[in-house]
Amino acid sequence: MIYTHQFNGVPLTTGDIICTVDGVPGSLYGEFWRQVGRLLPGKVDHCAIYLGPEGRCVEAGPGGVIVYEMPGEQWDACSFAEQRHFVDSFYGVAYPLANRGLSIVEQNQIRKAVVAYCLEQAMLEKPYNVVFPDPDTEDGFYCSQLVYKAYLTQGIDLKASSEESKGLLNRIVFPDEIWTNCVHRRAQSEPSALDCSESNLKFG
């Protein structure tokens, strides 16, 4: 099935890419992750794939590849901080199938195949891949690697660039690279402060 939804006013269709920034304002726990995000190049630190229905998503995070459902239409990272092992703020949505001359039927076929690939990795409980310069492995995944590999199975290379380099850093698929190489839409409003204190973290 193909579903539609929105987070923070930005529309989503199954297979679209949710892009976030590590950390949340107004929280010591969130500030820790904000500092982690500053180690990454660009404005986007993390990405996940929207599945549907409602707020159901899949991502590769510190706990491996997992599926979770974000409640409502506002991104509330604190609700699933224990399950996801980190918190983030919604940045926008990348649309990897936009402007590719694909029919709706072709788009939907790709969306379904991308979702099937990601769900298989979650079902197999694939761990987090800490070897960032090895995006071709399927033994484990980091966030943008999962997105990259899922779309690469459909002939769409979200890492494609004009420069060829064999340097280790250039082999890493960075989240901001996914954002830049797709048509995208940023959320209009800034993230609101969330209470991510230990007493308010919810177990998934």
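Reader: How many bridges join β3 to β7, and which way do the two run?
Author: Six bridges join them, and they run antiparallel. Strands count as paired if DSSP finds at least two bridges between them. Helices and strands here are DSSP runs, numbered from the N terminus: H or I of at least four residues for a helix, E of at least two for a strand.

Reader: Before we go on, what kind of model is this?
Author: This is a predicted model: local features need pLDDT of at least 70, side-chain atom pairs count only at pLDDT 80 or more, and totals for chains, interfaces and linings use all residues. Residues are numbered from 1 along each chain as its sequence is written, and side-chain values use heavy atoms, with hydrogens and water left out.

Reader: Back to β7. Which residue stands opposite F90?
Author: T20 does.

Reader: What about β7 and β8, how many bridges there?
Author: Four, in the antiparallel sense. β8 covers residues 183-186. In that pairing, V93 stands opposite R185 of β8.

Reader: Is β7 mostly covered or mostly open?
Author: Mostly covered. Eight of its eight residues, 88-95, are buried. Buried means under 20% relative accessible area, exposed means over 50%, and partly exposed is in between, with a 1.4 Å probe and protein chains only.

Reader: D88 sits in that strand. Buried or exposed?
Author: Buried, at 1% relative accessibility.

Reader: Which side chains does the D88 side chain make polar contacts with?
Author: One is the side chain of W75, at 2.9 Å. Another is the side chain of R84, at 3.0 Å. A polar contact is a pair of N or O atoms within 3.5 Å; within protein, one must be able to donate a hydrogen and the other to accept it, and residues adjacent in sequence count only if both atoms are side-chain atoms.

Reader: W75 again. How many aromatic pairs does the structure hold?
Author: Seven. W75 and F90 form a tilted one, 6.1 Å centre to centre with 45° between the planes. W75 is in the loop between β6 and α2, F90 is in β7, and they are 15 residues apart. Both W75 and F90 are buried. Rings of Phe, Tyr and Trp (its six-membered ring) pair if their centres lie within 6.5 Å; planes under 30 degrees apart are stacked, over 60 edge-to-face, and the rest tilted.

Reader: Which aromatic cluster are W75 and F90 in?
Author: They form one cluster with F7.

Reader: And what is the geometry of Y117 and F141?
Author: Edge-to-face, 6.3 Å centre to centre, 90° between the planes. Y117 is in helix α3 and F141 is in the loop between α3 and α4, 24 residues apart. Both are buried.

Reader: New topic. How many residues of α4 are buried?
Author: Nine of its 10. Among them are C143, L146, V147 and Y151.

Reader: What do the buried residues of α4 pack against?
Author: They pack against β3, β4, β5, β6, α3 and α6. Contact means heavy atoms within 4.5 Å.

Reader: Where does V147 come in for the largest nonpolar core?
Author: That core has 34 residues, and V147 is listed with I17, I49, Y151 and L158 as having the most contacts inside it. β3, β4, β5, β7, α3, α4 and α6 each give two or more residues to this core. A second, separate core of 19 residues includes V10, A48, Y68 and V87. A nonpolar core is a set of buried Ala, Val, Leu, Ile, Met, Phe, Trp, Tyr and Cys residues joined through side-chain atoms within 4.5 Å.

Reader: What is L158 in contact with?
Author: Leaving aside neighbours within four places in sequence, its contacts include I17, P96, V147, Y151 and I178.

Reader: How many disulfides?
Author: Zero. A disulfide is a pair of cysteine sulfur atoms within 2.5 Å.

Reader: Why is there no bond between C47 and C143?
Author: Because the C47 sulfur is 4.2 Å from the one in C143, its closest cysteine sulfur, and that is too far. C47 is buried, at 1% relative accessibility.

Reader: Last one. How many helices and strands does the chain have?
Author: Six helices and eight strands. Buried residues make up 49% of its 204 residues.
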